[in-house]
Amino acid sequence: MGKLRYSFWVSSYFCNLAFSLIAPFYPLVANKRGLSSLEVGFAIGIFSGLYFIVSATLSGNLGRLGRKRCYVFGMGLQGVTMCAFGFLEFIHGHTLFLTLSLVFRALQGIGSGMAVTAAISLMTIHFKDQMQKMLAENE
């Protein structure tokens with residue numbers, strides 16, 4: 001159970017990192033590409049919107065889709081799109097930069113929502129006696 005516990009810690013860390021990592025540098029890079037404050041805010045906020053929608057939708061379907069499959073797919077999707085988001089610095093056109101920003105942030109939100117929802121579900125199965133402790137550690 002030790003490896004599983006650490007897996008949840010690491011995934012929780014990366015899901016939170018994906019949400020907040022762009023805040024210091026993205027607005028500066030986006031302003032250089034001509035994006036308005038509204039467009040920057042939308043690109044940052046789409047993550048949370050899709051995270052919420054995916055979590056609410058997925059929670060009732062985890063048994064059918066597979067908890068572990070959703071967890072692994074969500075973490076993989078989030079990791080790939082985090083790396084791809086880092087390459088936006090090399091995109092110079094306004095429309096392409098905004099479009100790719102929205103697509104990558106949307107996919108990050110979907111992946112993070114899948115991973116966190118599946119992780120919480122897996123925690124309830126594997127750590128029945130320590131549920132409160134596991135949730136507190138992963139927040």
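Colleague: Is F14 buried, partly exposed or exposed, and why?

Modeller: Buried means under 20% relative accessible area, exposed over 50%, and partly exposed in between (1.4 Å probe, protein chains only). F14 has 36% relative accessibility, so F14 counts as partly exposed. Bear in mind that this is a predicted model, where local features need pLDDT of at least 70, side-chain atom pairs count only at pLDDT 80 or more, and totals for chains, interfaces and linings use all residues. Residues are numbered from 1 along each chain as its sequence is written, and side-chain values use heavy atoms, with hydrogens and water left out.

Colleague: Which helix holds F14?

Modeller: Helices are DSSP runs of H or I, at least four residues, while strands are runs of E, at least two, numbered from the N terminus. F14 sits in helix α1, residues 2-20. The chain has seven helices and zero strands.

Colleague: Which residues make the nonpolar surface patch?

Modeller: Patch members have over 30% relative accessible area and no salt bridge, with nonpolar side chains joined within 5 Å; a salt bridge puts a side-chain nitrogen of Lys or Arg within 4 Å of a carboxyl oxygen of Asp or Glu. Here F14 joins Y6, W9, V10 and Y13 in a patch of about 520 Å², with areas from the Shrake-Rupley method and a 1.4 Å probe.

Colleague: How much of the chain is buried, and how much area does the chain expose?

Modeller: Of its 139 residues, 39% count as buried. The chain exposes about 7900 Å², with 70% of that supplied by carbon and sulfur atoms.

Colleague: What about contacts in the chain?

Modeller: A contact means heavy atoms within 4.5 Å. Taking contacts between residues at least 6 apart in sequence, 79% join residues at least 24 apart. The C-alpha trace spans about 55 × 25 × 20 Å along its principal axes.

Conventions
Patches are made of residues with over 30% relative accessible area and no salt bridge: like charges are joined within 9 Å, nonpolar side chains (Val, Leu, Ile, Met, Phe, Trp, Tyr) within 5 Å.
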